[in-house]
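Me: Please take a close look at the aromatic pairs of this protein, and then at the parts of the interior around them. A connected account in prose would be preferred.

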Amino acid sequence: MFFFALSTNVEWGTNMADFTFIDLFAGIGGIRLGFESIGGRCVFTSEWNDWSKKTYQANFGVEDYFIGDIVHYMAEDVPDHDVLLAGFPCQPFSIAGVSKKNALGKPHGFECTTQGTLFFDVARIIATKQPKAFLLENVKNLLSHNGGHTFKIIKNTLEHELGYQVFYKVIDGKSWVPQHRERIIIVGFKSPVTFSWDDLDIPGERPVLTNILHPEDGTENPQEPYTDAKGKVQSKYTLSDKLWQYLQDYAAKHKAKGNGFGFGLVTGDSVTRTLSARYYKDGSEILIAKKRSNPRRLTPRECARLMGYNDDYIIPVSDTQAYKQFGNSVVVPVIKAVANIMEPFIDELIKRERAIEQIYPIMKAANG
């Protein structure tokens, strides 16, 4: 197992991990896994959804620093940390509504343009705790939302209001997993560094769906409750005649209108569409073609693999909740790849800070 539960009686600063981080809007811990892989230690987690909390805690332990909703949590109460991680949801920015709401309090800086959105909670913690670096993840459409104005506000807040050097890139997960999944990654550093996206290690050979499917040929140990004792996928994942006919009729209707709506039928050689949180409804975006049978949905274990989680990852929730969770998750190996190119600069900034802490008392004493 490549992750572990930390003891709940560990005192801050006693662990010999290379750096500390906090995990906001944590979901099921995909971003955390990426930064644990480079030596980070989580010191604070926030996730409001009870089902996601169940999955997260099944894999990382019931930690004493796990809280629910971050919105009402005081930034001053968040532990000090080196790196802030957040897969924050992007709610629409309403400048007019914010201005009206804030008229009496007359807030300034980033509070004027981000309050009322969940990005505000990221910004206020960065402003208070001053981490050395951060990684934020969101959907690709964040760049174009509201004609690009939303992202302009976010970037301006991070760079000019909070004083960070910011780098961003849309990355498609299909180089790491057999899924077309574009997400924007925003990286920031408190002090100038020579970070470059050119250093991102993108695999040369792209995987295909066969890499993550249950082989169903007896070579895989049973993956209960998703496969039977012989390794065959359980029949409940095969679409009923009624649902399969509905999806075909729906696709035909939209095709006749010139629309692109319809199901995504794939084989072992395919790269899938983006897995979404609505996959539990009908599985239409990713249907596995079967010989002499209706197609089937992915099992939750296959969804986990499609997002880059290994088979040690515990799935303690229902299929419906699991589909929602993996549909909302990051692609874990993408985060690992970004963490790898951030690592030397995180280390550099920690060393800079320690050097200043050592020199300052000497300089103070010398100046009398």
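Reply: In this predicted model, the structure holds 21 aromatic pairs. One of them joins Tyr309 and Tyr313, whose ring centres are 4.6 Å apart; their planes meet at 55 degrees, so the pair counts as tilted. Both residues, Tyr309 and Tyr313, are buried. In general, a pair of aromatic rings is described by the distance of the centres and the angle of the planes.

Aromatic residues also come together as a group: one cluster is formed by Phe167, Phe189, Phe195, Trp197 and Phe345. Within this cluster, Phe189 may be followed further. Leaving out residues up to four places away in sequence, Phe189 touches Phe167, Phe195 and Phe345, and also Lys132, Ala133, Tyr164, Gln165, Met342, Ile346 and Leu349. A ring can have a charged partner as well: the charged end of Lys324 sits over the ring of Tyr280, at 4.9 Å from its centre.

Phe189 leads on to the nonpolar interior. The largest nonpolar core has 65 residues, and those touching the most other members are Phe35, Leu135, Phe189, Phe195, Phe326 and Met342. Helix α11, residues 332-366, supplies the largest share of this core, with twelve residues. A second core, separate from this one, has 29 residues, including Phe25, Ala75, Val78 and Phe119.

Two of the residues just named, Phe35 and Leu135, are also contacts of Leu85. Leu85 lies in strand β4, residues 83-86, and is buried, with a relative accessible area of 0%. Beyond its neighbours up to four places away in sequence, Leu85 touches Phe21, Ile22, Asp23, Leu24 and Ile31 in addition to Phe35 and Leu135. The C-alpha atoms of Leu85 and Glu137 are 8.4 Å apart, although 52 residues separate the two in sequence.

Strand β1 holds Thr20, which counts as buried at 14% relative accessibility. Neighbours within four places in sequence aside, Thr20 is in contact with Arg41, Val43, Asp80, His81, Asp82 and Val83.

Strand β1 (19-24) is also one of the elements against which the buried residues of α2 pack, together with α1 (30-36), β2 (40-46), β3 (66-67) and α10 (319-327). Helix α2 spans residues 50-60, and its buried residues are Ser52, Thr55, Tyr56, Asn59 and Phe60. These residues cover an arc of only 110 degrees around the axis, which puts them on the same side of α2. The general background is that an α-helix has 3.6 residues a turn, so residues three or four places apart point the same way. At the start of α2, a side-chain oxygen of Asn49 comes to within 3.0 Å of the backbone nitrogen of Trp51. Just after α2, Gly61 adopts a positive phi of about 95 degrees.

These details belong to a protein chain with eleven helices and nine strands. Of its 368 residues, 48% count as buried. Where contacts in the chain link residues at least 6 apart in sequence, 68% of them join residues at least 24 apart.

Methods
Residues are numbered from 1 along each chain as its sequence is written. This is a predicted model: local features need pLDDT of at least 70, side-chain atom pairs count only at pLDDT 80 or more; totals for chains, interfaces and linings use all residues. Side-chain values use heavy atoms; hydrogens and water are left out. Buried means under 20% relative accessible area, exposed over 50%, partly exposed in between (1.4 Å probe, protein chains only). Helices (H or I, at least four residues) and strands (E, at least two) are DSSP runs, numbered from the N terminus. The arc is that of the directions from the helix axis to the C-beta atoms. Contact means heavy atoms within 4.5 Å. A polar contact is a pair of N or O atoms within 3.5 Å; within protein, one must be able to donate a hydrogen and the other to accept it, and residues adjacent in sequence count only if both atoms are side-chain atoms. A nonpolar core is a set of buried Ala, Val, Leu, Ile, Met, Phe, Trp, Tyr and Cys residues joined through side-chain atoms within 4.5 Å. Rings of Phe, Tyr and Trp (its six-membered ring) pair if their centres lie within 6.5 Å; planes under 30 degrees apart count as stacked, over 60 as edge-to-face and the rest as tilted. A charge sits over a ring if NZ of Lys or CZ of Arg is within 6 Å of the ring centre and within 35 degrees of the ring normal.
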